[in-house]
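Visitor: Could you take me through one part of this model in detail, please? I would like a close look at how its strands are put together, and then at whatever else you can show me.

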Amino acid sequence: MTRRAWSIPLATLFGALLILLLPASPAGAHAIIERTAPVAGTVVDQLPGEITLTFSEPVRIVADKIRVIAPDGSRADTGKPAARDTELVIPLKSGGPKGTYLVSYRVISADSHPVSGGYSFSYGQASAVPGGNDAGADVKTDAVVKNAMSVARFIGFAGLILLVGPTLVLFALWPRRLSARDPGRVALTGAGLLVFSAALELYLQIPYTSGTSLFDVSSTAAREVLGTTFGAAHLIRIAVAIAVAVLLRPLIAGRAGKIDQTLLVILGVVGLATWPISGHPSASPVPTLTVVADAAHLAAMAVWLGGLLMLFAFLLRRADTRELTAIVPVWSGWALLAITVLVLAGTAQALVEIGTLDALTGTTYGRLVMVKVGLLAVILGVAAYSRSITNRRFTPAPTPAATDPSDFDDSDDSDAPDDPDDSEDLADLSDSEEVADAPAEPADRARLRRAVLIEVLIAVVVLGFTSVLVQTSPARSVAAGDNGAEGPFTTTVTTNLVKLEVDVSPGRVGPNTVHLYALKPDGSGPQTVAEWKATAALPAKGIEPIVLPTLPITPDHATGSVTLTPAGTWELKFTVRVDELNQTTIAVQVPIRS
């Protein structure tokens, strides 16, 4: 492969490295917890026999990552949780002590992403939230694992582009007088990247699922991952990539028959399907639509960007003017079709995954989509410029009007080299064929190559955003969490005097119950509070602070009730006095839903 031909794979590697430099965002909670029984922050008269957490989509348990810690720090659960569609049921031991219980969980949502969290409730009386005995410290996703998963997906997208585009051009548009060795190597490199990325994703899914570090994996966790839809889809992708690499050999050598070509098409469809069935589309409200749209989106992306790679790295450098005059208009038509499918499929996915204008502008997923669309608009502008050069310099001159009907006979394919159905004849173009009256000048060829290079480089950035987007909670999930029937707000704030846990339930417009739990700043035990004061305000809508009456339940626990209306982000301020001389004021932003 020539030095310039290597520029695109090197740009791909550069894009993957950029992802490693991105700051790690919280693990994508793509299934949203909708309600809990008992409700967070409440005090129940009897200890229930089981705890039930209801999510927005079906979930799968992660072994030894679902626990209930009793007030004395012991395990209160039996260690045998069960996932029943959207419900996670955690059986409890009988005879537990009175006080506050901490529930921590880690499950896998239907789109293969982990969901972790925790909440507390009290039996008989409130007490300090138990914090010892690893009561949930290991439920978070390791940042290195999460970013590495994005890199693996980026490499997979790059491999798909390097495989599909060159294979299609070799199959239909490559001039037979030119050696197919270098583009064949690009296609084989793409197949290799697909195998590598799929295997890497399979490995990373193990610590990603269990919440462990990059090299902290176990055979049990590996078997669990391989037994899921995610595992099956990636094993199929590996097998498909290997089979395609084998079938590419005769295509590169110019010996591919109809059976080889048919098998390549079938394998391509199967391989493309492994992406949507192991990600967001399979868990959407309309999975059939989003799975088909995502597969079409991927196929269009691979055809367009892979074809641009072939155009830039090989055809615009090696093909002569007569060959380009026949090939470029055909490719231009294919690119236009691919862009159309890309936009339509992307729009369909966005409507399902985002849904509302507020979700578009108010979520990380929506903002990433807007950035991606903006970059795509730039690419389309450059593509329009490329198309103008194509239409001006690489389009055959129109055939003069004929008076004899035999002049319109299309039996000779060489009379219509711009017909996409005649792709085999395009590859056989010889210098004796008639082409455009005004052959392309070297300057036009150079301008077209520069435009194509700009398209490809921006597309590399778009792929980076797409890889991060796959790891981000869809806007529909975030919106569901913001508008759930029950979604108590819980947060913990630490100052030099106190560590304060604030629970606001149900977190919706109307009457809300506020529970305050005070711990020592290091969390080692309860902090005695001499006096509690609280206010609530909604500055965005001009509501000045109103007094939130508080009632001490124990020396470290107070509760109060307040009506919060209208919806918005309320500012709750709590003044905690621990003795005659020392007090601290803590402000908490609480989203109240309608």
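Guide: Happily! In this predicted model, an open sheet is built from four strands, and reading across it gives the order β1-β3-β7-β6, with antiparallel pairing. At the edges stand β1 (33-37) and β6 (82-84); each has a single partner strand, so one side of each is left without a neighbour in the sheet. From one strand to the next, the twist averages 20 degrees.

Let us stay at the β6 edge for a moment. Its pairing with strand β7 (residues 87-91) is antiparallel and runs over three bridges. If you would like a specific residue pair to click on, take A82, whose bridge partner in β7 is V89.

There is another open sheet to look at further along the chain. Four strands make it up, in the order β14-β13-β17-β18, and here the pairing is antiparallel. The edge strands are β14 (543-547) and β18 (583-592), each of which pairs on one side only. The twist from one strand to the next averages 20 degrees. Moving inwards, strand β13 (residues 531-538) and strand β17 (residues 568-577) run antiparallel and are joined by seven bridges. A handy pair to select there is W532 with its bridge partner in β17, V576.

Now for the helices. Helix α2 (residues 143-172) packs with helix α3 (residues 181-210) at an angle of about 155 degrees, and their axes lie 7 Å apart. An angle over 145 degrees counts as roughly antiparallel, which is why α2 is described that way relative to α3. The crossing of α2 and α3 is left-handed. As for what the contact of α2 with α3 is made of, its residues divide into 21 nonpolar, seven polar and three charged.

Two checks on α2 by itself may appeal to you. One concerns length: at 1.5 Å a residue, its 30 residues should span 44 Å, and the end C-alpha atoms of α2 are 44 Å apart, which agrees. The other concerns surroundings: 25 of the 30 residues of α2 are buried, so this helix is largely enclosed by the rest of the structure. Buried here stands for under 20% relative accessible area.

Conventions
Residues numbered from 1 in each chain as written. Predicted model: local features only at pLDDT ≥ 70, side-chain atom pairs only at ≥ 80, totals over all residues. Heavy atoms only, no water. Axes fitted to C-alpha atoms, helices over the stretch in contact; angles between N-to-C directions. Parallel < 35°, antiparallel > 145°, perpendicular 65-115°, else oblique. Left-handed = near helix turned anticlockwise from the far one by under 90°. Nonpolar A, V, L, I, M, F, W, Y, C, P; charged D, E, K, R; others polar. Pairing = 2+ DSSP bridges. Expected span 1.5 Å × (residues − 1). Buried < 20%, exposed > 50% of the residue type's maximum accessible area, 1.4 Å probe, protein only.
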